[in-house]
Amino acid sequence: PGIPLARNKLDEACKIAELGFLYRTIKMFIDQRLSERSYGLIGQAFCSALTEELQEYYRLIAILENHNSLGKLSIHRLVVWTSDCFERLQLIASLCSQVGTKIGGRLTSCLYMFLHHGNPDFHNLVSKILH
C-alpha cells in the first residue's frame, strides 16, 4: 500500500520524474556518442552544443536547491519553476531521437531540416546548436 496522494499531486510528481528521465536520456545520448571514435568532429560539436544546453538545467537545479534549503519549495512551485526547462529538454530529447546515429553530413543535413520545423522554439534551439 502506498501513501494516499491527490491526483493533481501525483501528476505533478510524474512531471518532475519525467524531467529527470529527459535529462538522463540526453546525457546518455551525449556520453554514448562521445565514446564512439567514429562520431567525428561534427558529432563532437553537436554533443558539445547539447552539453551547453544542459548547463541551463544545472543552473536551475542549483536555484531549486537553494529555494529548497530555505523551505520555499513545494511540488507545485517545482513544477512551475521547471516548466520552461521541461519543454526545452523535451525538444532536445526529440532532436537526439531524430538524429540517432547519423554522422557527418547526414547529421548536419538532419539538423538543418529542423530549421524548417513549424515550432519556433524548435527552430530557435536548432539554430543555436548550429551556430
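# Reading a five-helix predicted model

Tutor: Let us begin with helix H3, residues 75-99, in this predicted model. At 1.5 Å a residue, its 25 residues should span 36 Å, and the end C-alpha atoms lie 34 Å apart, which agrees.

Student: Where does H3 bend, and by about how many degrees?

Tutor: The bend is at Ser83 and amounts to about 50°. Just after the helix comes Gly100, with a positive phi near 55°.

Student: What is the overall layout of the chain in which H3 sits?

Tutor: The chain contains 5 helices and 0 strands, so the order of elements from the N terminus reads α-α-α-α-α. Its C-alpha atoms fill a box of roughly 50 × 30 × 30 Å along the principal axes. Of the 131 residues, 31% count as buried. Among contacts with a separation of 6 or more, 67% are between residues 24 or more positions apart.

Student: Which residues of H3 are buried, and what covers them?

Tutor: The general idea comes from helix geometry. An α-helix has 3.6 residues a turn, so residues three or four places apart point the same way. In H3 the buried residues include Leu78, Thr82, Cys85, Phe86, Leu89, Ile92, Leu95, Cys96 and Val99. Their cover includes helix H1 (7-35), helix H2 (40-69), helix H4 (104-113) and helix H5 (120-130).

Student: Which residues touch the most other members of the largest nonpolar core?

Tutor: That core has 33 residues, and those touching the most other members are Phe29, Phe46, Leu50, Leu89, Leu95 and Val99. The elements giving two or more residues to this core are H1, H2, H3, H4 and H5. H3 gives the most, with 10 residues.

Student: What does Leu95 touch, leaving aside residues up to four places away in sequence?

Tutor: Leu95 touches Phe46, Leu111, Phe114, Phe122, Val126 and Ile129. Of these partners, Phe46 is also among the core residues that touch the most other members.

Student: How many disulfides does the structure hold?

Tutor: A disulfide is a covalent bond between the sulfur atoms of two cysteines. The structure holds 0 disulfides. For Cys85, the nearest cysteine sulfur is that of Cys96, 14 Å away. For Cys110, the closest cysteine sulfur is also in Cys96, at 11 Å, which is too far for a bond. Cys85 counts as buried because its relative accessibility is 13%, and Cys110 counts as buried at 7%.

Student: How many salt bridges are there, and how should one read a pair within a single helix?

Tutor: Side chains of opposite charge can pair when their charged atoms come close. The count here comes to 7 salt bridges. Consider Asp11 and Arg7, whose closest N and O atoms are 3.7 Å apart. They are 4 residues apart in helix H1, so about one helical turn separates them. Asp11 is partly exposed, with a relative accessible area of 40%, whereas Arg7 counts as exposed at 59%.

A second pair, Glu56 and Arg59, meets at 2.5 Å, N to O. These residues are 3 apart in helix H2, so they too are separated by about one helical turn. Both are partly exposed: Glu56 has a relative accessible area of 45% and Arg59 one of 47%.

Student: Which elements does the salt bridge between Arg88 and Glu53 tie together?

Tutor: The side chains of Arg88 and Glu53 meet at 2.8 Å, N to O. Arg88 lies in helix H3 and Glu53 in helix H2, so the pair ties together parts that are 35 residues apart in sequence. Arg88 is partly exposed, with a relative accessible area of 27%, while Glu53 is buried at 6%. Salt bridges that share partners join Glu53, Arg88 and Lys128 into one network.

Student: Finally, is Thr101 buried or exposed, and where is it found?

Tutor: Thr101 is found in the loop between H3 and H4. Its relative accessibility is 63%, so Thr101 counts as exposed. A distance along the chain can be set beside one in space: Thr101 and Thr25 are 76 residues apart along the chain, and their C-alpha atoms are separated by 15 Å.

Notes. Residues numbered from 1 in each chain as written. Predicted model: local features only at pLDDT ≥ 70, side-chain atom pairs only at ≥ 80, totals over all residues. Heavy atoms only, no water. Expected span 1.5 Å × (residues − 1). Bend = angle between axes of the 7 residues up to and from the residue. Buried < 20%, exposed > 50% of the residue type's maximum accessible area, 1.4 Å probe, protein only. Contact = heavy atoms within 4.5 Å. Disulfide = S-S within 2.5 Å. Core = buried A, V, L, I, M, F, W, Y, C linked by side-chain atoms within 4.5 Å. Salt bridge = Lys/Arg side-chain N within 4 Å of Asp/Glu carboxyl O.
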